[in-house]
Amino acid sequence: MGRILNQVGCAALLGFAILPGIGFAADPVPPVVTEGKTASNVDNTAINNRDKYAGNKTPADQFNTKEDRKLLAAVRRSVVHDKSLSMMAHNIKIMVDAGVVTLRGPVKTADEKSQVEKIVQAVNGVSSINNSLDVKTN
């Protein structure tokens, strides 16, 4: 009996319920809400798949020189610290190759796309920008 109570107590602490004949079942997890939208509404899977299969480099292909890593960190920091940008813009893909910065992913507006480019251009060490950001239309 103590063993069953221990399992029930642990399950309650972890947010599980013991269902007769089934065992443990997790409580439903509420959807993540970002800027008034649920996670399913801010899904960028189609854009990510397009980038993955179009022969484009992804952040996983990032060159690993010390200079590229430092510049990438500075660019990312500049983008994330600009609180006028949307969450979408804060999460864009950024790749660096010998001072050339490639930007890819969705942003909310054409103005935001331009703003991100201006922010990146202001970072010391950026020689040029390949701005492949997409304006999200829905």
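This is a short talk on the fold of one protein chain, one pair of helices in it, and a few single residues.

Before the details, please keep in mind that the model is predicted.

I will start with the overall layout. The protein has five helices and seven strands. Reading from the N terminus, the order is α-β-β-β-β-α-α-α-β-β-α-β. So much for the parts list.

How much of the chain is buried? Of the 138 residues, 28% are buried. As for the outside, the protein exposes about 9,100 Å². Carbon and sulfur atoms account for 57% of that area.

Next, contacts along the chain. Take the contacts with a separation of 6 or more: 58% of them join residues that are 24 or more positions apart.

Now the helix pair. Please find helix α3, residues 66–81, and helix α5, residues 110–121. Their axes are 9 Å apart, and the two helices pack at an angle of about 135 degrees. An angle between 115 and 145 degrees counts as oblique, and therefore α3 is oblique to α5. The crossing of these two helices is right-handed.

Which residues make the contact? From α3 they are Val-75, Ser-78 and Val-79, and from α5 they are Val-116, Ile-119 and Val-120. Sorted by class, the contact between α3 and α5 has five nonpolar residues, one polar residue and no charged ones.

Two of those α5 residues come up again with Leu-103. Leu-103 sits in strand β6. Is Leu-103 buried or exposed? Its relative accessibility is 0%, and the cut-off for buried is under 20%, so Leu-103 counts as buried. Leaving out residues up to four places away in sequence, Leu-103 touches a list of residues that includes Val-116 and Val-120. Also on that list are Ile-92, Lys-93 and Ile-94, and then Ile-129, Asn-130, Asn-131, Ser-132 and Leu-133. Lys-93 is ten residues from Leu-103 in sequence, and their C-alpha atoms are 5.8 Å apart.

Let us move to the end of strand β7, which covers residues 128–135. Val-135 belongs to this strand. Its relative accessibility is 36%, and that value lies between the 20% and 50% cut-offs, so Val-135 counts as partly exposed. What does Val-135 contact, beyond its neighbours within four places in sequence? The answer is Val-107, Lys-108, Thr-109, Ala-110 and Lys-113.

Ala-110 deserves a closer look. This residue lies in helix α5. Ala-110 and Val-135 are 25 residues apart in sequence, yet from C-alpha to C-alpha the gap is 6.1 Å. Asp-134 is 24 residues from Ala-110 along the chain, and there the C-alpha separation is 8.5 Å. With a relative accessible area of 48%, Ala-110 is partly exposed.

The last residue is Ala-98. Where is Ala-98 placed? It is in the loop between β5, residues 93–97, and β6, residues 100–107. Ala-98 is not a glycine, but it has a positive phi of about 55 degrees. Its relative accessible area is 62%, which is over the 50% cut-off, so Ala-98 is exposed.

To recap the three exposure classes: Leu-103 is buried, Val-135 is partly exposed, and Ala-98 is exposed. On the helices, α3 and α5 meet through residues that include Val-79 and Val-116, and Val-116 is also among the residues that Leu-103 touches.

That is the end of the talk.

Notes:
Residues are numbered from 1 along each chain as its sequence is written. This is a predicted model: local features need pLDDT of at least 70, side-chain atom pairs count only at pLDDT 80 or more; totals for chains, interfaces and linings use all residues. Side-chain values use heavy atoms; hydrogens and water are left out. Helices (H or I, at least four residues) and strands (E, at least two) are DSSP runs, numbered from the N terminus. Buried means under 20% relative accessible area, exposed over 50%, partly exposed in between (1.4 Å probe, protein chains only). Contact means heavy atoms within 4.5 Å. Accessible areas come from the Shrake-Rupley method with a 1.4 Å probe; for residues, only the protein chains shown count as cover. Axes are lines fitted to C-alpha atoms, for helices over the stretch in contact, and angles run from 0 to 180 degrees between N-to-C directions. Angles under 35 degrees count as roughly parallel, over 145 as roughly antiparallel, 65 to 115 as roughly perpendicular and the rest as oblique. A crossing is left-handed if the near helix is turned anticlockwise from the far one by less than a right angle, and right-handed if clockwise. Ala, Val, Leu, Ile, Met, Phe, Trp, Tyr, Cys and Pro count as nonpolar, Asp, Glu, Lys and Arg as charged, and the others, Gly among them, as polar.
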